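Open the model in a viewer and keep the sequence panel visible. The stops below go from the whole chain to single residues.

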Amino acid sequence: AAHVREPWRAICLSALYVLVSVTLGVPIVTLLARLALRAAGVSGVTLAWSLDEPLAHASQPPLVTALGFAARLCDALLYIYCGKLLTWGIRVAEGRPLWARMGKRTLVIVD
């Protein structure tokens, strides 16, 4: 019965992650990057960059701006693949085969 509950649990956990991280404004990769900068003693910089105001943070080192862009890119990829990653996590936690089929059987006819 675990394979029946798996898609709904993955969807609900994905939705919860997106809801919490967007509402609180703390996507996990950006949060970890900020904590790493603070642990390294870097202060007075922000991990922000946008096309809306590209020169807003021109006074900070370009490496920090690039790190902010990379962190946001990783967060976006995490949002995209969150369902798949959580499905794998559920399978690992339950001791089920990781690469078993995900979803129902389908028949594809190509003419």
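The tour begins with the overall fold, moves to a set of charged side chains, and ends at a glycine and an alanine.

**Whole chain**

Colour by secondary structure first. This is a predicted model, and the protein in it has three helices and zero strands. Read along the sequence, the pattern is α-α-α. The radius of gyration is 19 Å, well over the 13 Å that the globule rule gives for 111 residues, so the protein is more spread out than a compact globule. Along the principal axes, the C-alpha trace spans about 55 × 40 × 25 Å.

Switch to a surface view. The accessible surface of the protein comes to about 8,400 Å², and carbon and sulfur atoms own 70% of that area. Buried residues make up 19% of the 111 residues. Among contacts with a separation of 6 or more, 51% are between residues 24 or more positions apart.

**Charges**

Now select the charged side chains. The protein carries 11 positive and 6 negative charges, and the mean positions of the two sets are 12 Å apart. How many salt bridges does a search of the whole structure find? The search finds four, and the next selections show three of them in turn.

**Helix 1 to helix 3**

Select arginine 91 and glutamate 6. They form a salt bridge in which the closest N and O atoms are 2.8 Å apart. The pair links distant parts of the chain: arginine 91 sits in helix 3 (residues 62-94) and glutamate 6 in helix 1 (residues 2-24), 85 residues apart. Are these two residues buried or exposed? Both arginine 91 and glutamate 6 are buried.

Add arginine 9 and glutamate 94 to the selection. Their salt bridge has its closest N and O atoms 2.5 Å apart. Arginine 9 lies in helix 1 and glutamate 94 in helix 3, so this pair, too, ties together parts that are 85 residues apart in sequence. Arginine 9 has 30% relative accessibility and counts as partly exposed. Glutamate 94 is also partly exposed, with a relative accessible area of 31%.

Keep glutamate 94 and add arginine 96. The side chains of arginine 96 and glutamate 94 meet in a salt bridge at 3.2 Å, N to O. Arginine 96 is partly exposed, at 21% relative accessibility. With everything selected, salt bridges that share partners join Glu6, Arg9, Arg91, Glu94 and Arg96 into one network.

**Glycine 95**

Next, select glycine 95, which is found in the segment after helix 3. Glycine 95 counts as exposed because its relative accessibility is 64%, and exposed here means over 50%.

From there, draw a distance to alanine 33. The two residues are 62 positions apart in sequence, and their C-alpha atoms are 32 Å apart in space.

**Alanine 33**

Centre the view on alanine 33, in helix 2 (residues 28-39). At 14% relative accessibility, alanine 33 counts as buried, since the cut-off for that class is under 20%.

Which residues is alanine 33 in contact with, leaving aside its neighbours within four places in sequence? They are Leu47 and Ala71. Finish with a distance to leucine 67: alanine 33 and leucine 67 are 34 residues apart in sequence, and 7.9 Å apart in space, C-alpha to C-alpha.

Definitions and conventions: Residues numbered from 1 in each chain as written. Predicted model: local features only at pLDDT ≥ 70, side-chain atom pairs only at ≥ 80, totals over all residues. Heavy atoms only, no water. Helix = DSSP H or I, 4+ residues; strand = E, 2+ residues; numbered from the N terminus. Rg over C-alpha atoms; globule rule 2.2 N^0.38 Å. Buried < 20%, exposed > 50% of the residue type's maximum accessible area, 1.4 Å probe, protein only. Contact = heavy atoms within 4.5 Å. Areas by Shrake-Rupley, 256 points an atom, 1.4 Å probe, with all protein chains shown as cover. Lys, Arg positive; Asp, Glu negative; His and termini not counted. Charge placed at Lys NZ, Arg CZ, Asp CG, Glu CD.
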